[in-house]
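Reader: I'm new to this one and would like a close look at a single part. Could you take me through the helix with the bend in it, and then show me how it sits in the whole?

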Amino acid sequence: MSKFLTAALGAAVVIGMAGVAGAQSPVRPDSARWNGRHGQMQAGGREGQGKFMKELNLTDAQKTRIKAIHTKYEPQFKALRDQSTAQFGPMRQNRQKGDTTAATRARFKQAREQFGQRSMAIRGQENTEIRGILTADQRTKWDAAQAQRKQRFEARQKAMKDHVKGGNA
């Protein structure tokens with residue numbers, strides 16, 4: 001009898017845990033476009049800008065031009081992502097095989113910094129073009145939002161560096 005109760009209790013726990021785990025996994029719209037990392041979208045990742053763009057009160061002509069600018073730069077971002085995937089893949093495999101030497105870490109850090117610089121250069125060109133079609137009032141809002149994004153980014157970077165320092169101490 002006690003074996004039966006133990007088995008029943010174990011099954012109930014497993015079913016309960018599965019239900020909780022299933023309830024916590026979010027349902028994502030357009031799931032074919034999600035890359036599953038950090039809740040970010042692939043192929044543009046511009047869905048988060050929708051609310052901000054509405055606050056700018058863009059005209060239909062401005063919306064069309066901004067969409068054309070995004071379309072113009074998307075192949076460059078895609079090529080950069082593809083290149084980084086090809087470059088970081090072997091590095092990741094080596095790290096997973098146990099290659100964590102200082103030289104390997106330095107190569108990875110350098111490659112990551114180069115990727116970031118190229119990405120920021122492309123994004124800067126794109127933003128300059130977008131900023132050029134905005135009115136003076138819209139540019140003011142745009143610049144304020146850019147400054148807020150930069151502050152949040154720098155705060156995240158600092159938090160990550162502090163976390164890494166705390167984890168290695």
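Author: Let's start at Tyr-73, where helix 3 (residues 60-96) has a kink of about 35°. The bend at a residue is the angle between axes fitted to the seven residues ending there and the seven starting there. The proline Pro-75 comes shortly after the kink. Helices here are DSSP runs of H or I with at least four residues, strands are E runs of at least two, and both are numbered from the N terminus.

A word on what you're looking at: this is a predicted model, where local features need pLDDT of at least 70 and side-chain atom pairs count only at 80 or more, while totals for chains, interfaces and linings use all residues. Residues are numbered from 1 along each chain as its sequence is written, and side-chain values use heavy atoms, leaving out hydrogens and water.

Back at the kink, Tyr-73 is one of the buried residues of helix 3, and so are Glu-74, His-70 and Phe-77, among others. Buried means under 20% relative accessible area, exposed means over 50%, and partly exposed is in between (1.4 Å probe, protein chains only). Further along helix 3, the buried residues include Leu-80, Ser-84, Phe-88, Gly-89 and Met-91. Once helix 3 is done, it is followed by Gly-98, which has a positive phi near 110°.

Now the whole: the protein has five helices and zero strands, running α-α-α-α-α from the N terminus on. Buried residues make up 18% of its 169 residues. For a contrast with buried Tyr-73, try Lys-161 over in helix 5: Lys-161 is exposed, at a relative accessible area of 54%.
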